[in-house]
Amino acid sequence: MKARRTSPTPESATPEPSPEGLPVVEPAARVAPWVQLKYITFHPCIYPAMIKAASPDARPGCLVHVYDKQGRPFGAGWYHPKARVPLRMIYHGPETISESFADTLLERALDLRLRRLNLPAQTEAFRVVHSDGDGLGGLVVDRFADVLSVEVHSLAAQQRLERWLARLHQALGTRRVVLEVDAQAAKVEGIPLPSAMDTVRSVRVREHGIQYEIHFATGHKTGFFCDQRDNRLRLRAWAAGARVLDLCCYTGGFALNAAAHGAAEVTGVDLDEAAIAQARRNANLNQLRVQWVHCDAFAYARQMQQNRQFWDVVILDPPKLIASREEAAQGRHKYEDLNSLAATLVKPGGLLVTCSCSGLLAAEDFEFLVCRGIHRQNRRLQILERTGAGPDHPVMSSAPEGRYLKVLWGRVWPA
């Protein structure tokens with residue numbers, strides 16, 4: 001799709017200069033429907049306080065042309081006046097784009113996964129659309145074998161979903177869909193809830209030679225953490241002959257990779273009873289021996305600290321501990337305390353792999369909290385690597401919070 005360039009005003013019009021000396025585009029000259037901003041930001045999410053005005057024909061979910069505060073063309077996005085995020089930008093620039101531009105963004109997402117990364121040759125589980133990271137805010141799609149697991153967070157995404165699913169099935173060879181609609185967005189934006197006729201309950205996938213069974217009704221996010229795929233592979237280099245502890249193991253991704261690649265002993269701990277049950281089934285599916293413990297990570301770590309138990313490798317991958325800005329202070333304390341406890345369970349010179357999936361916690365802040373917690377135990381961390389999600393989870397430079405997954409790899413040393 002080639003965008004066409006338009007003049008900001010009719011050729012016969014000579015607009016009065018603005019106080020800044022820039023031409024102003026009068027409402028009558030704008031391409032409808034339109035939204036005007038109070039000030040410029042390249043962040044894809046535009047909140048109510050940032051919007052100056054909208055044309056009367058700017059309907060919920062429609063594509064609108066966006067103008068800056070001087071009235072100059074600024075881009076385009078999806079609009080919903082009642083949404084928490086009333087404007088989701090999909091394009092920045094002076095061109096007048098059409099509805100087909102969103103289809104172009106979908107093709108870019110497919111090209112990255114299928115041609116550039118060639119993910120189907122490596123795994124049956126990967127992210128296909130990563131919301132703002134692919135310019136399609138409000139939509140997340142994962143592929144699990146022949147199933148597309150879809151999360152919808154905006155009416156605009158839901159309105160276009162039918163045609164996108166047809167294209168995704170064609171490109172990926174998938175046949176079935178599991179659809180989840182964000183409950184708050186559904187209520188506020190009037191998004192139809194998924195049909196009760198959706199009967200896809202589970203699917204099996206293979207990643208780096210290990211099989212996983214995914215149950216969508218009990219799974220977190222879209223069913224399985226594709227974002228840790230490369231880190232699970234990286235762990236294998238440390239597994240041979242090691243005693244390994246996987247704290248907050250979920251359905252066993254790290255634990256199973258350690259067990260499959262020569263670990264002497266593997267223990268997986270999680271508070272989620274359904275996750276532990278699934279981890280046990282995954283171990284049986286791969287004929288691997290892992291000791292599974294249904295327990296809170298804090299309580300287990302404290303008990304093992306008292307018992308003077310030590311491991312060669314400790315993986316710490318807790319759920320999101322900071323879900324909102326109101327939870328930031330409490331969540332930061334939890335990250336520091338949990339890493340402080342985990343460090344006491346690592347043998348001197350052993351490996352600590354610690355993770356955060358809180359988008360509201362910057363990578364530098366996470367590292368600071370980890371190190372401060374470890375220093376409290378009179379230990380140091382020899383940092384080896386800083387990793388995150390795989391390249392199928394891209395991050396836009398204008399939305400750095402999209403880099404939600406932070407993984408720190410380090411050896412724990414006595415002070």
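In this predicted model, C249 is a buried residue, with a relative accessible area of 5%. C249 takes part in no disulfide, and the nearest cysteine sulfur, belonging to C248, lies 8.1 Å away. A disulfide requires two cysteine sulfur atoms within 2.5 Å, so the separation of 8.1 Å between the sulfurs of C249 and C248 rules out a bond between them. A second cysteine, C371, is likewise buried, with a relative accessible area of 16%. The closest cysteine sulfur to that of C371 is in C355, at 14 Å, which is too far for a bond. The structure as a whole holds zero disulfides.

The discussion now turns to helix α1 and its surroundings. Helix α1 covers residues 100-116. Its 17 residues should span 24 Å at 1.5 Å a residue, and the end C-alpha atoms are 23 Å apart, in agreement with that expectation. The buried residues of α1 are F101, A102, L105, L106, A109, L110 and R113. The spacing of such positions can be read against a general property of helices. An α-helix has 3.6 residues a turn, so residues three or four places apart point the same way. The cover over the buried residues of α1 includes the strands β5 (73-79), β6 and β7 (125-130), together with helix α2 (155-172). Just after α1, N118 adopts a positive phi of about 50°.

Helix α1 also contributes to an open site. The second largest pocket has a volume of about 340 Å³, and the elements giving two or more residues to its lining are β6 (87-92) and α1. This pocket is lined by 18 residues, and those nearest its centre are I90, D132, D134, G135 and M396. By class, the lining of the pocket comprises 10 nonpolar, five polar and three charged residues.

Enclosed spaces are present as well. The structure holds three cavities of 30 Å³ or more, and the second largest of them has a volume of about 60 Å³. Its lining includes W78, Y79, H80, R88, L155, A156 and E189. Strand β5 and helix α2 each supply at least two residues of this lining; both elements also belong to the cover over the buried residues of α1. The lining of the second largest cavity has seven nonpolar, three polar and two charged residues.

V85 and P86, which help to line the second largest cavity, are also contacts of I46. I46 is found in strand β2 (residues 45-46) and is buried, with a relative accessible area of 0%. Leaving aside neighbours within four places in sequence, I46 is in contact with L37, T41, I51, V85, P86, L87 and M89. The C-alpha atoms of I46 and A157 are separated by 16 Å, although the two residues are 111 places apart along the chain.

Another buried strand residue is V203, which has a relative accessibility of 7% and is placed in β11 (residues 202-207). Beyond four places in sequence, V203 is in contact with F144, A145, D146, V147, R176, Y212, E213, I214 and F216. V203 and A415 are 212 residues apart along the chain, and 47 Å separates their C-alpha atoms.

Helix α8 (residues 328-343) can be examined in the manner of α1. At 1.5 Å a residue, the 16 residues of α8 should span 22 Å, and the distance of 23 Å between its end C-alpha atoms agrees with this. Its buried residues are G331, Y335, E336, L338, N339, S340, L341, A342 and A343. These pack against the helices α7 (297-306) and α9 (363-376) and against the strands β16 (311-316), β17 (346-356), β18 (379-388) and β19 (406-414).

Several features of the backbone complete the account. A cis peptide bond, with omega of about -10°, joins A32 and P33, and P33 lies in the segment before β1 (34-37). S131, in the loop between β7 and β8 (139-144), has a positive phi near 50° without being a glycine. S131 counts as buried at 17% relative accessibility. R308 is also not a glycine and has a positive phi of about 55°, but this residue counts as exposed, at 60% relative accessibility. R308 is located in the loop between α7 and β16, two elements against which the buried residues of α8 pack.

Conventions
Residues are numbered from 1 along each chain as its sequence is written. This is a predicted model: local features need pLDDT of at least 70, side-chain atom pairs count only at pLDDT 80 or more; totals for chains, interfaces and linings use all residues. Side-chain values use heavy atoms; hydrogens and water are left out. On a 1 Å grid over the protein atoms alone, a cavity is a set of points where a 1.4 Å probe fits but cannot get out, and a pocket is an open set with protein on both sides within 12 Å along at least five of seven lines; lining residues have an atom within 4 Å of a point. Grid points are joined across faces, edges and corners, and a volume is the space filled by probe spheres set on the points. Helices (H or I, at least four residues) and strands (E, at least two) are DSSP runs, numbered from the N terminus. Ala, Val, Leu, Ile, Met, Phe, Trp, Tyr, Cys and Pro count as nonpolar, Asp, Glu, Lys and Arg as charged, and the others, Gly among them, as polar. The expected span of a helix is 1.5 Å times one less than its number of residues. Buried means under 20% relative accessible area, exposed over 50%, partly exposed in between (1.4 Å probe, protein chains only). Contact means heavy atoms within 4.5 Å.
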